[in-house]
Amino acid sequence: MKVYCPYCKKEVEYKIEKRDIKMFRGVEINSYENVAICKECNEDLYINEIENKNTQRIYEIYRKKANIIKPQDIIKLREKYDLSQRELTSILGLGKMTINRYERGGVPTKSQSDYIKLLINNENEFMNKVKEAYEKNNISKKTYNKIVSYNEENDVSKDDIQELYRKYINSKLNRRPDIYNGYKIFDLEKVENIISYIASKVSNFTITSINKYLWFIDMLSFKERGVSITGLTYQNQQFGPTIMEQKYNEISLLDEKYTRNEYEDETGTKTYITSNNNYDLSKLNKKEIEIIDKIIKRLKNKNVNEISNMSHEEDGWKKTKKYEKISFEYASDLKIIK
Ligand SMILES: [Zn+2]
């Protein structure tokens with residue numbers, strides 16, 4: 001293929017040379033660009049398609065490495081409040097066509113990207129910007145009202161959500177007393193306080209361990225007193241006994257007595273439970289607290305896998321089919337505490 005060379009002033013043959021691009025906008029990207037070179041004079045030639053591909057490749061790596069906002073994120077923000085590109089541009093105080101450019105794939109600088117991200121993730125900051133733009137007459141009263149009324153309609157408080165979680169968990173786990181809940185009516189408040197109590201004493205307490213600790217506590221209670229403590233129902237799952245229908249997920253999201261913290265390690269994301277240290281054990285009797293303490297003492301220095309393995313030694317797990325409810329009748333043969 002021939003292209004015009006401005007140096008030779010005629011159509012020439014060209015070759016492609018690959019050149020390293022180590023840095024882009026101050027970020028290490030370790031990529032490359034293809035450059036067309038005139039075969040006759042060896043000067044760099046500009047060929048649109050090749051340059052576009054270079055730009056695309058470099059921007060894509062840069063976007064990932066510098067964690068730059070995606071066009072879709074900006075579109076979502078606009079759609080959330082039903083804003084035009086121009087309205088959003090005015091609110092953010094950016095140049096006229098900026099949002100249009102970003103939505104078509106233009107790459108913002110790192111600081112501009114971080115700024116937009118902040119406004120997407122922080123509704124208060126965004127509302128401050130909206131107010132500011134309105135006061136400066138950069139957006140109309142109509143635009144302003146549209147955004148404010150959106151926020152009022154969708155204002156669900158954190159307390160409302162927590163209350164919904166509690167209702168949902170109760171509706172899923174409340175069952176008549178029988179051999180599968182240890183003849184006890186499910187008591188979520190107790191569960192929350194026990195989890196907070198355990199978390200205050202155990203440093204590596206994860207979501208997975210919630211299941212095992214509570215199961216062992218209820219089993220030991222049943223063995224010693226013929227009745228469980230929490231009224232939870234457990235089922236056989238691959239990694240041991242777990243709360244029915246994986247409702248430990250929702251239970252872990254309640255945040256009055258404890259907090260979820262996510263950590264990354266080489267095996268993936270682990271979710272730890274930290275106590276808010278405001279547990280109230282007044283609903284538990286002395287014997288029940290004794291049982292809980294015994295299990296904590298037994299498991300506290302074990303990691304999740306070890307605890308999982310201990311649960312696999314138990315008849316309750318071994319003799320129950322996968323996904324089936326675990327009967328408390330197996331408590332009589334509990335091995336963890338003789
Ligand atoms: Zn040339």
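**Exercise 1. Two asparagines**

Classify asparagine 30 by its relative accessible area: is asparagine 30 buried, partly exposed or exposed?

Step 1. The relative accessible area of asparagine 30 is 43%, so this residue is partly exposed. The cut-offs are under 20% for buried and over 50% for exposed, with partly exposed in between (1.4 Å probe, protein chains only).

Step 2. The model is predicted: local features need pLDDT of at least 70, side-chain atom pairs count only at pLDDT 80 or more, and totals for chains, interfaces and linings use all residues. Residues are numbered from 1 along each chain as its sequence is written, and side-chain values use heavy atoms, without hydrogens or water.

Step 3. Place asparagine 30. It sits in strand E3. Strands (E, at least two residues) and helices (H or I, at least four) are DSSP runs, numbered from the N terminus.

Step 4. Check the backbone. Most residues other than glycine have a negative phi. Asparagine 30 has a positive phi of about 45 degrees, though it is not a glycine.

Step 5. Turn to asparagine 277. Its phi is positive too, near 55 degrees. Asparagine 277 lies in the loop between strand E8 (268-275) and H12. With 56% relative accessibility, asparagine 277 is exposed.

**Exercise 2. The zinc site**

Find which residues coordinate the zinc ion, and name the arrangement of the donor atoms.

Step 1. List the donors (N, O and S atoms within 2.8 Å of the metal, or 3.2 Å for Na, K and Ca; water is not among the atoms, so sites may look incomplete). They are the SG atoms of Cys5, Cys8, Cys38 and Cys41, at 2.2 to 2.4 Å.

Step 2. Look at the angles. The four donor atoms subtend 101 to 114 degrees around the zinc ion, so the arrangement is tetrahedral. For four donors, that word requires all angles to lie between 85 and 135 degrees.

Step 3. Read the spacing along the chain: C-x2-C-x29-C-x2-C. Cysteine 5, in strand E1 (residues 2-5), and cysteine 38, in strand E3 (residues 27-38), are 33 residues apart and link distant parts of the chain.

Step 4. Check burial. Cysteine 5 is buried at 0% relative accessibility. Cysteine 38 is buried, also at 0%.

**Exercise 3. The two sides of helix H7**

Work out which residues of H7 are buried and which are exposed.

Step 1. Get the span. H7 (residues 141-153) has 13 residues and reaches 18 Å from first to last C-alpha, close to the 18 Å expected. The expected span is 1.5 Å times one less than the number of residues.

Step 2. Pick the buried residues: Thr143, Tyr144, Ile147 and Asn151. They cover an arc of only 105 degrees around the axis, so they lie on the same side of H7. The arc uses directions from the helix axis to the C-beta atoms.

Step 3. Turn to the other side. Lys141, Lys142, Glu152 and Glu153 are exposed there.

Step 4. Find the cover. Helices H2 (71-81), H3 (85-92) and H6 (123-135) are among the elements over the buried residues.

**Exercise 4. Serine 311**

Locate serine 311 and find which residues it touches.

Step 1. Serine 311 is in helix H13. Serine 311 is buried, with a relative accessible area of 0%.

Step 2. Leave out residues up to four places away in sequence. Contacts (heavy atoms within 4.5 Å) then include Lys212, Trp215, Phe216 and Trp317.

How values were computed:
Four donors count as tetrahedral if all angles lie between 85 and 135 degrees; four count as square planar and six as octahedral if opposite donors are over 155 degrees apart and all others between 65 and 115; anything else is irregular.
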